Amino acid sequence: MRSTSHRVVIVGGGAGGLELAVRLGRRYGRDNVVLIDANPFHIWKPSLHEVAAGTLDIHREGLSYAMLAHDSGFQFLIGRVTGVDRTSRTVAIDAFADAQGDPILPARTVPYDTLVLALGSYGNFFNTPGAELHAISLDSTDSAEFFRIELLKAMARADADAQAGAPRQVNVVIVGGGATGVELAAELHEAGRRISDYGLSRDRAADALKITLIEGGPRILGPLPERVSDAARTLLVQRGIQVETSCRVLEVTQHAVRTADREFPSDLRVWAAGIKAPGLLETLGLPLTPQHMIQVDDHLVTSDPNVYALGDCAAAPWAGTDKTVPARAQAAHQQASYLFKVLSARMDQSTPVAEGFRFRDFGSLVSLGHSEGVGSLMGGLSGPNLQVEGWVARVMYASSHWTHYAAVLGIWGATMRSLARVLTRRSRPRVKLH
């Protein structure tokens with residue numbers, strides 16, 4: 001372990017922040033590397049649609065930050081960051097309380113030499129009337145778990161009504177036909193049938209859940225090639241999912257989603273139509289984009305030379321284009337690897353890394369359940385895309401999940417975790433029922 005007096009504080013334990021903390025912790029130790037997050041455990045954010053559907057149990061799959069800190073040599077502090085004083089180089093953490101509001105940890109102040117912001121993103125309701133109040137945005141484990149429990153309750157009520165002679169479906173409306181919305185729709189289709197199999201009346205198992213996916217643009221998965229979008233739509237429709245495109249939502253109520261000329265009745269509403277940066281960024285006095293993402297240069301540093309940013313909250317230039325790096329897990333992974341080199345040089349007081357960050361777009365993959373997927377590989381800058389579908393795309397999608405856990409746990413740790421998941425599959429329900 002290398003000796004240094006330089007302390008790096010990382011705010012946010014998502015894919016990029018956690019990978020960076022693990023790599024720096026292994027090299028420099030807990031006195032020099034601190035990770036702050038408001039949650040006690042980590043879930044790979046692209047898996048939140050599985051948490052919401054109940055096909056992934058956060059209490060089985062979540063990685064304890066405290067365990068990772070112990071094993072990888074960094075310090076973990078739990079709590080919500082409320083402010084940053086760039087003059088004194090300190091981070092303020094709010095008091096931490098339990099579910100009943102009883103205090104556990106007091107408010108604290110943490111000094112830093114270098115600050116890394118890896119705060120991720122949250123759902124953007126675009127000021128749509130009623131959306132923030134009546135729709136759920138799957139931007140955290142808490143919101144995904146809340147949706148899962150509400151789904152179980154709604155299906156139980158619907159089954160009770162059916163047995164009383166008033167059969168009805170549970171209507172779930174998903175606003176947003178991007179990757180999150182499409183993946184959630186497909187996952188809910190599988191989960192609905194499983195929940196029905198475990199508890200609802202047999203004659204209702206096939207139609208207990210009705211899913212509607214609404215997209216404002218002309219097609220779902222707009223950033224992907226049209227053929228991939230068409231393939232995804234065909235698979236969703238074949239499964240009985242109603243897909244509505246060119247359909248702009250004007251209002252969300254407690255029982256419906258309204259467009260200009262239609263109303264979609266709903267028991268549950270999910271908002272997956274866009275993202276925005278956390279409000280904390282607006283308090284830092286640093287340049288932001290119109291979308292309130294924090295501006296960084298090609299070395300991922302802000303206008304303050306002691307503050308870096310990566311992942312969804314950062315607007316980093318995409319070399320060779322006039323765009324910024326897209327908000328994807330693969331971008332956060334690449335940025336964490338790059339910042340590891342940049343910050344290592346800074347902590348060692350050695351020659352700074354001269355080369356800027358260059359994002360390599362390996363394409364996009366979308367899960368359509370546990371046996372299907374669609375995607376475009378090697379996307380973006382060089383030549384035509386390679387399009388994949390079916391189980392091949394699904395396997396490649398799963399491998400990206402494994403790659404993240406390998407970066408955090410090591411190859412053997414990730415492999416043993418995957419093996420344990422397979423071995424215990426028959427001893428637990430296919431969806432979380434409690």
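Four aromatic pairs are counted in this predicted model, where rings of Phe, Tyr and Trp (its six-membered ring) pair if their centres lie within 6.5 Å, with planes under 30 degrees apart called stacked, over 60 edge-to-face and the rest tilted. A pair of aromatic rings is described by the distance of the centres and the angle of the planes. For tryptophan 318 and phenylalanine 359 the ring centres are 5.2 Å apart and the planes stand at 75°, so this pair is edge-to-face. Tryptophan 318 belongs to the loop between strand 23 (314–315) and helix 9, and phenylalanine 359 to the loop between helix 9 and strand 24 (363–367), so the pair ties together parts that are 41 residues apart in sequence. Both tryptophan 318 and phenylalanine 359 are buried, a term that means under 20% relative accessible area, against over 50% for exposed and partly exposed in between (1.4 Å probe, protein chains only).

Because the model is predicted, local features need pLDDT of at least 70 and side-chain atom pairs count only at pLDDT 80 or more, whereas totals for chains, interfaces and linings use all residues. Residues are numbered from 1 along each chain as its sequence is written, and side-chain values use heavy atoms, with hydrogens and water left out.

The protein chain has 11 helices and 26 strands; helices (H or I, at least four residues) and strands (E, at least two) are DSSP runs, numbered from the N terminus. Of its 434 residues, 53% count as buried. With contact defined as heavy atoms within 4.5 Å, 64% of the contacts between residues at least 6 apart in sequence join residues at least 24 apart.

In soluble globular proteins, nonpolar side chains tend to be buried together. A nonpolar core is here a set of buried Ala, Val, Leu, Ile, Met, Phe, Trp, Tyr and Cys residues joined through side-chain atoms within 4.5 Å. The largest one holds 69 residues, of which Leu24, Phe74 and Leu117 touch the most other members. Helix 9 (residues 329–348) supplies the largest share of this core, eight residues. Domain 1 (8–121 + 277–348) and domain 3 (363–425) both contribute residues, so the core lies between them; the domain bounds come from an automatic or database domain assignment. Neighbours within four places in sequence aside, leucine 117 is in contact with Val11, Leu281, Leu284, Ile294, Val307, Tyr308, Ala309, Leu310 and Cys313. Another core, of 38 residues, lies apart from the largest one and includes Ile136, Ala185, Ile211 and Val270.

Val270 leads to an open sheet of four strands, which has the order 15-14-13-19 and parallel pairing; two strands pair if DSSP finds at least two bridges between them. Its edge strands, strand 15 (242–244) and strand 19 (268–271), each pair on one side only. From one strand to the next the twist averages 15°, with axes taken as lines fitted to C-alpha atoms, for helices over the stretch in contact, and angles running from 0 to 180 degrees between N-to-C directions. Six bridges connect strand 13 (residues 170–175) with strand 14 (residues 209–214) in the parallel sense, and valine 175 stands opposite isoleucine 214 in strand 14. Helix 6 (residues 141–163) packs on this sheet and touches strand 13, strand 14 and strand 19, its direction making about 150° with that of strand 13. Strand 13 also runs parallel to strand 19, to which four bridges join it; there the bridge partner of valine 175 is tryptophan 271. In a regular strand the side chains alternate between the two faces of the sheet. Strand 19 is covered on both faces, with Leu268 and Val270 buried on one side and Arg269 and Trp271 buried on the other.

A further open sheet has three strands in the order 16-17-18, with antiparallel pairing. Strand 16 (249–252) and strand 18 (263–265) are at the edges with a single partner strand each, so one side of each is left without a neighbour in the sheet. Strand 17 (residues 256–259) is joined to strand 18 by three bridges, and arginine 258 has glutamate 263 as its bridge partner in strand 18.

Two loop residues deserve a closer look at their backbone. Most residues other than glycine have a negative phi, and most peptide bonds are trans. Leucine 221 has a positive phi of about 50° and counts as buried at 3% relative accessibility. Glutamine 349 has a positive phi of about 55°, but counts as exposed at 73% relative accessibility.
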